[in-house]
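Biologist: Before we discuss any contacts, please show me the sequence together with the model, and then take me through the packing and the charged pairs.

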Amino acid sequence: MPVCQTTVTDPKTLSLCNNTPVTPTTVAGPLVAKIPVVLAEVEVQIDTEATINFQEPFSEIKRITKDVYLTQCKIIPGTGVVQNGIPVTGKLFLAGFVRKNIQYVYADCVSTDVVSGAIRDISVDVPFQCVTEINYITPPVFTFSNVETSLEFTCTENTCQCEDTTLGRIPCEQVFNQTILFNEKPFCELISARIYEYDINREPAPINSNFPDRLEYDSLTEKMVIYLTLKVLQLQQVDLC
């Protein structure tokens, strides 16, 4: 039997460190602070279906672990319901993927009475995207930039700069004004995720004639119901009394 090469190196037991509480320095109110404000908190249901084709046939799925990642969470201003000039609802555009690590059995050795398999794994990303309408707890603050305006100068007998004999608008002088306002961009926090999954093994075939009831498959169709709990926030100036 081969000797195990794994070892434990330099083990230590750490002692407890003492600490002294420190009272934080604060500013007496009332004051104005710029803080993240919760615009909405929702649980979104996303339904997906995908087929995963394996490079080699598998006889059994042993384990599937999953992680959820968001790649897009954006509010489009002006797309929701407005009451008395205040937005009440908004459209939230979501996109992301579920990263799945699948451990499966690959029958790499088959004899007359024995099937031997190796545990292998693959990682796949199953994308999703949707649009959902949210109700605001606190409405977002957006200020739109104005359109460009221009000034035209009239030409008189004493102020003409281009043509001394022309009276009217000065064609060679113009002034343009435009105000550009910058807004705080809303952002999301992913609070939790729940995934309900139903998997169907596709294209079954017997491993060999000795094991007609032992099947292997080439693909897997999965149906997922994903529940994402999200906070939508925006930095706003808040009067703290």
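Modeller: Buried means under 20% relative accessible area, exposed means over 50%, and partly exposed lies in between, with a 1.4 Å probe and protein chains only. This is a predicted model, in which local features need pLDDT of at least 70 and side-chain atom pairs count only at pLDDT 80 or more, while totals for chains, interfaces and linings use all residues. Residues are numbered from 1 along each chain as its sequence is written, and side-chain values use heavy atoms, with hydrogens and water left out.

Biologist: Is Glu 197 buried or partly exposed?

Modeller: The relative accessibility of Glu 197 is 26%. Since buried requires under 20% and exposed over 50%, Glu 197 counts as partly exposed.

Biologist: Which residue forms a salt bridge with Lys 66?

Modeller: A salt bridge is a side-chain nitrogen of Lys or Arg within 4 Å of a carboxyl oxygen of Asp or Glu. The closest N and O atoms of the pair are 3.2 Å apart, and the partners sit 131 residues apart, Lys 66 in strand S2 and the other in strand S9, where strands (E, at least two residues) are DSSP runs numbered from the N terminus. The partner of Lys 66 is Glu 197.

Biologist: Which residues are linked with Lys 66 and Glu 197 in a network of salt bridges?

Modeller: The pair of Lys 66 and Glu 197 does not stand by itself, as it belongs to a network of salt bridges. The other members of that network are Lys 100 and Glu 222.

Biologist: How many residues apart in sequence are the parts that Lys 34 and Glu 184 tie together?

Modeller: The side chains of Lys 34 and Glu 184 meet in a salt bridge at 2.6 Å, N to O. Lys 34 lies in strand S1 and Glu 184 in the loop between strand S8 (168-177) and strand S9 (187-202), so the parts that they tie together are separated in sequence by 150 residues.

Biologist: In the salt bridge of Glu 56 and Arg 120, which residue is buried, with a relative accessible area of 16%?

Modeller: Their side chains meet at 2.6 Å, N to O, and Arg 120 is partly exposed at 33%. The buried residue is Glu 56.

Biologist: How many residues are in the largest nonpolar core?

Modeller: A nonpolar core is a set of buried Ala, Val, Leu, Ile, Met, Phe, Trp, Tyr and Cys residues joined through side-chain atoms within 4.5 Å. Among the members that touch the most others are Ile 75, Phe 128 and Ile 226, and the elements giving two or more residues include strand S1 (31-58) and strand S11 (215-240). The number of residues in this core is 20.

Technical notes. Helix = DSSP H or I, 4+ residues; strand = E, 2+ residues; numbered from the N terminus.
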